[in-house]
Amino acid sequence: MPTGYLMTVALLALYTLAALAPPRRPRPLAMAGFLLGLLANELPFAALAWLLASTVLAYAQGDLSTPGAWACLALAALVAAGLAEVARRGLAARPVLDAALAAGLGAGWRSAVDPGLAAGLRRRTPWARILLRPVLVGRRGVERVADIAYGTHPRHRLDVYRHRSRPAGAPVLVYWHGGGYSMGDKNREGRSLLYRLASQGWVCVSANYRLRPEAGFGDHLSDAKRVLAWVRAHGAEYGADPATVVVSGSSAGAHLAALCALTPNDPRLQPGFADADTSVSAAVCLYGYFGRYYTAPANAPEPVPSSPLDHLRPDAPPLMAVHGDRDTLVPAAEARAFTARLRQVSRSPVVHAELPGAQHAFDLVHSPRHEAVVDAVEAFTAWVRSTQEAVTLKAPSRDRKDQWKPKTPQQGAGRCAARPRVDG
């Protein structure tokens with residue numbers, strides 16, 4: 001019996017089973033299934049290559065001549081079939097996202113996109129990147145200016161991604177990481193999206209925020225809004241035009257993005273910077289949590305409901321929510337319910353896509369699924385940029401008399417406290 005080959009096939013079988021049919025209960029088993037199936041779910045071609053290489057090696061060494069070896073080979077064939085199904089589900093993301101954009105923005109949404117922006121949209125799957133360097137997310141044309149301070153706490157740090165040509169007047173995407181408000185880092189999820197948009201001329205900001213148990217709901221949200229205030233005060237120093245600010249995030253970060261989009265310029269949530277403009281042009285929520293926070297928001301300046309569902313408003317900005325139908329950590333039904341409720345209230349478009357076979361954290365590597373999401377987000381934001389001046393999308397100003405219009409950057413005093421480092 002080829003022990004090494006058997007162990008490889010058995011391990012890949014476990015990964016594939018977790019990707020195809022992840023357990024949903026109890027919570028520890030659901031978490032284990034998520035972790036086991038994560039890489040197979042997003043990198044099925046790499047798993048297939050590993051399986052094929054192991055099989056060829058076992059054959060070359062003459063290890064496939066016994067009945068036990070043939071049984072192991074039969075299991076390998078089943079694993080290959082399972083991985084092929086995982087890959088098929090990943091490839092189904094692109095048509096699902098196209099249909100979601102048409103349903104949310106209207107069948108003729110592409111005609112509303114500025115021709116210059118439409119020309120820059122990517123229409124082909126980047127197979128070379130997916131197959132040859134799925135875990136390498138950097139791009140030669142993009143620089144990352146890291147660890148800029150936006151506040152006084154050690155967690156008040158952000159990274160700026162921008163094109164090396166350093167264009168001026170760039171739209172801004174602000175991104176917050178996930179981790180259940182208890183862990184996570186600004187240099188983990190969403191980097192394919194950040195690098196892609198930065199390569200297309202955006203200024204992208206990925207920020208940390210204070211975490212549990214040291215911090216509570218009010219701290220997380222005020223940190224997020226402080227990042228928006230920093231963008232308006234200092235974004236121009238990095239080439240940004242804060243007239244267009246799109247907020248985004250994954251999991252808990254999506255919770256923050258939705259709340260920021262739905263509570264613009266609320267002085268209760270901006271202690272110490274109540275006059276800062278924290279309105280945004282749109283929100284993008286990836287496998288987001290839309291329920292209530294762990295406990296009552298005792299750390300908020302005033303009692304404020306902690307679920308985005310508590311802040312739905314007719315003048316909410318356009319929102320895009322993308323979720324996996326196999327998500328065992330945050331069920332897809334939560335995103336479905338949130339977007340359905342928001343559509344009933346908001347005058348702005350709401351795009352909701354439920355990806356076949358996708359789990360939590362599908363944005364860690366280059367995969368057909370995640371690259372399709374990146375392209376859909378870029379298309380959605382191109383539509384927002386093309387239409388934001390023609391449609392009343394935003395909340396009124398604090399005196400609630402003025403209709404929304406693109407904001408001009410606020411003048412901030414002083415420069416960043418930290419000395420940034422630059423890496424590719």
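Helices here are DSSP runs of H or I with at least four residues, strands are E runs of at least two, and both are numbered from the N terminus. This is a predicted model, where local features need pLDDT of at least 70, side-chain atom pairs count only at pLDDT 80 or more, and totals for chains, interfaces and linings use all residues. Residues are numbered from 1 along each chain as its sequence is written, and side-chain values use heavy atoms, with hydrogens and water left out.

**Exercise 1.** Work out how many helices and strands the protein chain has, and what share of its residues is buried.

*Solution.* Start with the elements: the protein chain has 12 helices and nine strands. Next, take buried as under 20% relative accessible area (1.4 Å probe, protein chains only). Buried residues then make up 57% of the 424 in the chain.

**Exercise 2.** Find the largest nonpolar core and the helix that gives the most to it.

*Solution.* A nonpolar core is a set of buried Ala, Val, Leu, Ile, Met, Phe, Trp, Tyr and Cys residues joined through side-chain atoms within 4.5 Å. The largest one has 50 residues, and Leu158 and Trp230 are among those with the most contacts inside it. Helix H10 (residues 252-262) gives the most to this core, nine residues. Apart from it lies another core of 46 residues, including Leu329 and Phe380.

**Exercise 3.** Place Ala30: which helix holds it, and is it buried or exposed?

*Solution.* Look in helix H2 (residues 27-42) for Ala30. Its relative accessible area is 0%, so Ala30 is buried. Now check contacts, meaning heavy atoms within 4.5 Å. Beyond its neighbours within four places in sequence, Ala30 touches Pro23, Arg24, Arg25, Thr328 and Leu329.
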